[in-house]
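Work through the exercises below with the sequence and the coordinates at hand. Each task is followed by a solution in steps.

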Amino acid sequence: MKNLLLAFIGLLLVGCAASSGGGAASDNADYDFNKRAIDILKPKCEKGNYSACNDLAISYQNLKDHKTAQKYYDNACQNNYQLACTNLANMYQSGLGVDRDKNKALEIFNASCTNGGAISCYYLGDFYRSGDEGKEPDYVAAMSAYERGCKLGDIPSCTNTGVLYENGLGVAQDEPKARNIYRSACFSGDSSACDNLKRMGRKR
């Protein structure tokens, strides 16, 4: 699962570099970095740059101020910045700084996917595909979500359609189609698709 989203990854990489020395100095470096990021991003967000609002929320999350992060994610999401919707839904799904509410997460993922949020489609597919907490997987709904995410350009969503075709989950089993999907996704840079393609090659 994509536990870390694009901007979040960038911030964490910087944090890792700063923390290589360990101890209080690294904690201060992380704190200072995120405080500087907030100072830069907040004026941009207030002027209507919703990408900046999303990144601002990430900095607040890094500082464990989840309530403020939620506010900025929600603001950006309400203004159709779909990555913020995905991050907001992930807060509800994981219970990070908010009451855990999978139904609320599902609602946000669904709306975001419908409105062009490719990464939300990926998470929506995962939600339907999983069978945790006693619910039965809904592979048909998962395929629909993954297919939409794939059409919107999310390559891991494409890979997951291949998984469902390979195993006949929610669709008729079609290994040649799965292999073609994996090949295309692998060429597009998804390492898991490359691994699946190699594995299928060994089955011959």
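**Exercise 1: Backbone outliers in loops**

At 49% relative accessibility, N80 counts as partly exposed. The model is a predicted one.

Task: State where N80 lies and what is unusual about its phi.

Solution.
- Step 1. Find the segment: N80 sits in the loop between α4 and α5 (82-94).
- Step 2. Read the torsion: N80 is not a glycine, yet its phi is positive, about 70°.
- Step 3. Set this against the general case: most residues other than glycine have a negative phi.

Task: Do the reading again for K64. In which loop is it placed, and is it buried or exposed?

Solution.
- Step 1. K64 belongs to the loop between α3 (50-62) and α4.
- Step 2. Its phi is positive at about 70°, and K64 is not a glycine either.
- Step 3. The relative accessible area of K64 is 64%. The cut-off for exposed is over 50%, so K64 is exposed.

**Exercise 2: The chain as a whole**

Task: How many helices and strands does the protein chain have, and what share of its residues is buried?

Solution.
- Step 1. Count the elements: there are eleven helices and zero strands.
- Step 2. Write them in sequence order: the pattern is α-α-α-α-α-α-α-α-α-α-α.
- Step 3. Take the burial figure: of the 204 residues in the protein chain, 43% are buried.
- Step 4. Look at contact range: among contacts between residues at least 6 apart in sequence, those joining residues at least 24 apart make up 43%.

**Exercise 3: The salt bridge**

Task: Which residues form a salt bridge, and how far apart are the closest N and O atoms?

Solution.
- Step 1. Apply the criterion: a side-chain nitrogen of Lys or Arg must lie within 4 Å of a carboxyl oxygen of Asp or Glu. The count comes to one salt bridge.
- Step 2. Identify the pair: E166 bonds with R199 in this salt bridge, with 2.6 Å between the closest N and O atoms.
- Step 3. Place the partners: E166 is in helix α9 (residues 155-167) and R199 is in helix α11 (residues 191-203), so the pair ties together parts that are 33 residues apart in sequence.
- Step 4. Compare accessibility: E166, at 4% relative accessibility, is buried, whereas R199, with a relative accessible area of 30%, is partly exposed.

**Exercise 4: Packing of α9 on α10**

Task: At what angle do α9 and helix α10 (residues 175-187) pack, and which residues meet?

Solution.
- Step 1. Take the geometry: the axes are 8 Å apart and the packing angle is about 160°.
- Step 2. Classify it: an angle over 145 degrees counts as roughly antiparallel, and α9 and α10 are therefore roughly antiparallel to each other.
- Step 3. Assign the hand: the crossing of α9 and α10 is left-handed.
- Step 4. List the contact: from α9 come I155, C158, T159, T161, G162, V163, Y165 and E166, and from α10 come E175, K177, A178, I181, Y182 and A185. These residues divide into eight nonpolar, three polar and three charged.
- Step 5. Check one pair across the helices: N180, which lies in helix α10, is 18 residues from G162 in sequence and 8.2 Å from it in space, C-alpha to C-alpha. N180 is partly exposed, at 47% relative accessibility.

**Exercise 5: Packing of α6 on α7**

Task: Is α6 parallel, antiparallel or oblique to α7?

Solution.
- Step 1. Take the geometry: helix α6 (residues 102-114) and helix α7 (residues 118-129) have axes that come within 8 Å and cross at roughly 135°.
- Step 2. Classify it: that angle makes α6 oblique to α7.
- Step 3. Assign the hand: α6 passes α7 in a left-handed crossing.
- Step 4. List the contact: K102, L106, F109, N110, S112 and C113 in α6 face S120, C121, Y123, L124, F127 and Y128 in α7 as contact partners. By class there are eight nonpolar, three polar and one charged residues.

**Exercise 6: The surroundings of N75**

Task: Which residues does N75 touch, not counting residues up to four places away in sequence?

Solution.
- Step 1. Place the residue: N75 is in helix α4 (residues 66-78).
- Step 2. List its contacts beyond those sequence neighbours: C45, Y50 and C53.
- Step 3. Add a distance: N75 and A57 are 18 residues apart in sequence, and their C-alpha atoms are 9.9 Å apart.
- Step 4. Read the accessibility: N75 has a relative accessible area of 30% and is partly exposed.

Note on methods:
Residues numbered from 1 in each chain as written. Predicted model: local features only at pLDDT ≥ 70, side-chain atom pairs only at ≥ 80, totals over all residues. Heavy atoms only, no water. Helix = DSSP H or I, 4+ residues; strand = E, 2+ residues; numbered from the N terminus. Buried < 20%, exposed > 50% of the residue type's maximum accessible area, 1.4 Å probe, protein only. Axes fitted to C-alpha atoms, helices over the stretch in contact; angles between N-to-C directions. Parallel < 35°, antiparallel > 145°, perpendicular 65-115°, else oblique. Left-handed = near helix turned anticlockwise from the far one by under 90°. Contact = heavy atoms within 4.5 Å. Nonpolar A, V, L, I, M, F, W, Y, C, P; charged D, E, K, R; others polar.
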